[in-house]
Amino acid sequence: MSARWSGVIVALAGLLVFTVQARAGNKPGGHQVIVSIDSVMAADTNEGIDRRLGAMASRLRTLPFSYSTYRLLKSEGKRTSCGQMIVFALPGGRILHVAPRAIDGDMIAMELVLFQGDRPEMSTELKLPNHAFLILGGPRYEQGMLIVFIRADAPGVSGPPQIDNPTTPVEGPPGQ
Amino acid sequence: MIDCSEIRPLLSAFGDGELEPPELLKVARHLAGCPDCEREAADFSALGAGLRDSYEAALNAIPLDGFAEAVQARIVQLRPSFVARFQRWLASLDDQFSPALSFASAAVAVAVLTAIVLTPYVRDYMSGRNPQIAANAYHHLNAITQEPRLPEKMLAEDSRAVISKLESENPAVAVWSEPHTDTTVIWLPDQQAGR
């Protein structure tokens, strides 16, 4: 076999190695992730839907439980990278720890722990599609209940098309 | 002294040089002290030499002119193996076309690999995600009402999100998915309010 054809085969092998390494590079930390948290109070106090909720209201309507009042309590966004935990203070004294673990394809692997004071109320490990929402709901808050919208965005990672643009302000330097 | 009857059966092989070293040594020592056996061994050697001469004479009488050429011609007529033919084909391509062919082949390979890497379906396949998971997800409710803590239990297997672990002090946790809005819900019902 000629040296020229051998070169083509070597180039193909190199590309395969590059592909495998690129895929392996998605596994460990280093990817930047923006986590946005919107805390909403749901209650039956006939106050309607808070206009600040915007497109989130449509998601609230898909929940099997309907309330006459949805009020946006707090919006917060933080930038982190895989392997680094960030902490959100939620209304009602609850604390939410969010730790993105890795990017797997267009999925963001993360760990969430919800604290009520110093007591862990719920913890979960999951993979969420990029730009997708996780709603954490049910805990009691004032005269209703707390619904927490958690959205994870990994810039530069493919994912389903964004349905709406979050208005949550994001903390942290972009280059972190 | 070894008996001659023990040596004589070995004399023919001795003359042909076919004995193992211990027997060869034994026969040689005996022949040195036994003229009869030595004579018989000489007869065997003469007989062997005569046979070899007649064999070579017969062999030389066989006409072998052109034998090598005939074998070579026969080899050419035989069908070569697939690998040999493939190598010959590559060599002929190499001779016929310019280096541009090699470059074009490499470019096509790069384009195909790039397309494979960038295709979302393949990315999903390589990342181990099963698109089927999302298919039956709409409005499915998983109510976990057994133990307060369920370590390492697979939950929401039919949603786009994959929950590999969920622990809660709440005895009734609901998990479901809204795939058309890419939303997964974990519901921790208030135990006093009932919803």
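Me: Two strands pair if DSSP finds at least two bridges between them. What makes β8(A) and β5(B) a pair?

Reply: Happy to explain! The model is predicted, so local features need pLDDT of at least 70 and side-chain atom pairs pLDDT 80 or more, totals for chains, interfaces and linings use all residues, and side-chain values use heavy atoms, without hydrogens or water. Residues are numbered from 1 along each chain as written, with chains lettered from A and ligands numbered from 1 in written order. Strand β8 of chain A and strand β5 (residues 183-187) of chain B share five bridges in the parallel sense, and the definition asks for at least two, so they pair. Across this pairing, L136(A) faces I186(B).

Me: What is the sense of the pairing between β8(A) and β9(A)?

Reply: β8(A) pairs with β9 (residues 144-153) of chain A in the antiparallel sense, over seven bridges. F133(A) stands opposite R151(A) there. The two strands form a hairpin with two residues between them, and E142(A) in the turn has a positive phi of about 45 degrees.

Me: Why is β8(A) called mostly covered?

Reply: Eight of the nine residues in β8(A), which spans 133-141, are buried, meaning under 20% relative accessible area (exposed is over 50%, partly exposed in between; 1.4 Å probe, protein chains only). Over chain A, buried residues make up 52% of the 176 residues.

Me: How many helices and strands does chain A have?

Reply: Chain A has two helices and ten strands, as DSSP runs numbered from the N terminus (helices H or I, at least four residues; strands E, at least two). The order from the N terminus is α-β-β-α, followed by β-β-β-β-β-β-β-β.

Me: Why is V71(B) called partly exposed?

Reply: V71(B) has 37% relative accessibility, which falls between the two cut-offs, so it counts as partly exposed. V71(B) lies in helix α4 of chain B, and α4(B) gives the largest share of the nonpolar patch, three residues. Helix α3 (35-61) of chain B also supplies at least two residues.

Me: How do you know that parts of chain B need caution?

Reply: Chain B averages a pLDDT (the predictor's confidence in each residue, from 0 to 100) of 74, and 75% of the residues score at least 70. Over residues 128-159 of chain B, pLDDT is below 50, although this stretch has 66 contacts (heavy atoms within 4.5 Å) beyond near neighbours in sequence. Where pLDDT is low, the predicted coordinates should not be read in detail. The model scores ipTM 0.72 and pTM 0.49.
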